[in-house]
Amino acid sequence: MMNRTAFIKFGGTNSFLLHSLSSFQFSTHTASLHSNVSSFIHKITNLNDALKLFDEMSHRQPLPSVVKFNQLLTVVNKMKHFSSSLDLFKQMCSLGVPLDKYSISIAIKCCCQLHRTKDGFALLGCCFRRAISPNVYIYNALLDGLVLEGRTLEAEMLFKKLIKKKLCEPDVVMYSTMIKGLCKFGNNVTAIALLRLMEQKHCEPSIVTYSTIIDSLCKDKMIDDAFKLFKEMVYDKRILPDVITYTSLICGLCNMGRWDEASKMLNKGVPTLSQGWAGAPHEKIFFSVIFCKKF
């Protein structure tokens, strides 16, 4: 459908708004354009919608706040269009939008997800030049980028530097990212030690934290250690396991030839903390077991 041009009058001035009526059922009466940007962002369902809205925002005078641009970039990131999000960030810079730490953290995440961590660190330098104090989200993105590129040693050095110089307080995401990097190379002992450090620092581990280590233990045929950690997660931490946790454990049993235990676990279904075992296993678990039996 052809784009149509609409003129909206508010506050005594005419504001130009170019939009696609097929993508958005925009209300053009009552509230001002700037207050409606957030509602428009929530209606975005694909990249094309996001690009059209960015184009509209870039034509408004005055420009919407950096918060609105950040919200739009976040939506694009959630759709995993990292290259497009980075392009929009560059356009923000050209438009003269005053960047903040959240804008830069989004751009850094894009770089790191695209395996361009070197560019991510260049943007970190931009933070310092602009007197913007990097937050935990920025450092999380950089650590994740290093881990994705297999640069775990560099990630470990950065992690230690952050703690030693108290540049930021590590959160569960940062710990889990480091644990993922360690497990990637089978360094389960250090990963578990980091899990214990989390407890000492009163940082509660998540299902991702535990599942990452459990999966690594299973792959290294340390199935009994994996179940020990599994029981700790469920009964001590009261964290409900997910399909990823069960896939790892059942595949681990299958790979060890412990078919009866795998079968019993599969037939029990998925547990709940209050009711015990209930429900049917996820199809991913079935396919994993079939794969194990075949190979």
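Which residues of α5 are buried? They are Ser 103, Ile 104, Ser 105, Ile 106, Ala 107, Ile 108, Cys 110, Cys 111 and Cys 112. The model is a predicted one, and this report deals with the protein as a whole and then with helices α2 and α5.

**Overall composition**

The protein contains 15 helices and four strands. Of its 295 residues, 46% are buried. Its accessible surface is about 16,000 Å², with 57% of that area belonging to carbon and sulfur atoms. When contacts between residues at least 6 apart in sequence are considered, 54% join residues at least 24 apart.

**The two helices in outline**

| Helix | Residues | Number of residues | End-to-end C-alpha distance | Expected span at 1.5 Å a residue |
|---|---|---|---|---|
| α2 | 47–58 | twelve residues | 16 Å | 16 Å |
| α5 | 101–113 | 13 residues | 18 Å | 18 Å |

For α2, the distance between the end C-alpha atoms agrees with the expected span. For α5, the reach from first to last C-alpha is close to the expected value.

**Helix α2**

Helix α2 is mostly covered, since nine of its twelve residues are buried. The buried residues are Leu 47, Asp 49, Ala 50, Lys 52, Leu 53, Phe 54, Glu 56, Met 57 and Ser 58. At the start of the helix, a side-chain oxygen of Asn 46 comes to within 3.1 Å of the backbone nitrogen of Asn 48.

Helix α2 packs with α4 (residues 82–95) at an angle of about 0 degrees, and the two axes are 12 Å apart. Angles under 35 degrees count as roughly parallel, so α2 is roughly parallel to α4. On the α2 side, the contact is made by Leu 47, Leu 51, Phe 54 and Ser 58. On the α4 side, Ser 84, Leu 88, Gln 91, Met 92 and Leu 95 take part. An α-helix has 3.6 residues a turn, so residues three or four places apart point the same way. Three of the contacting α2 residues, Leu 47, Phe 54 and Ser 58, are also among the buried ones.

**Helix α5**

What do the buried residues of α5 pack against? Their partners are α3 (66–78), α4, α6 (117–129) and α7 (136–148). Helix α4 therefore appears in both settings: α2 packs with α4, and the buried residues of α5 pack against α4 as well.

The N-terminal end of α5 is capped by Asp 100, where a side-chain oxygen lies 3.1 Å from the backbone nitrogen of Tyr 102. Just after the helix, His 115 takes a positive phi of about 60 degrees.

Conventions:
Residues are numbered from 1 along each chain as its sequence is written. This is a predicted model: local features need pLDDT of at least 70, side-chain atom pairs count only at pLDDT 80 or more; totals for chains, interfaces and linings use all residues. Side-chain values use heavy atoms; hydrogens and water are left out. Helices (H or I, at least four residues) and strands (E, at least two) are DSSP runs, numbered from the N terminus. Buried means under 20% relative accessible area, exposed over 50%, partly exposed in between (1.4 Å probe, protein chains only). Contact means heavy atoms within 4.5 Å. Accessible areas come from the Shrake-Rupley method with a 1.4 Å probe; for residues, only the protein chains shown count as cover. The expected span of a helix is 1.5 Å times one less than its number of residues. A polar contact is a pair of N or O atoms within 3.5 Å; within protein, one must be able to donate a hydrogen and the other to accept it, and residues adjacent in sequence count only if both atoms are side-chain atoms. Axes are lines fitted to C-alpha atoms, for helices over the stretch in contact, and angles run from 0 to 180 degrees between N-to-C directions. Angles under 35 degrees count as roughly parallel, over 145 as roughly antiparallel, 65 to 115 as roughly perpendicular and the rest as oblique.
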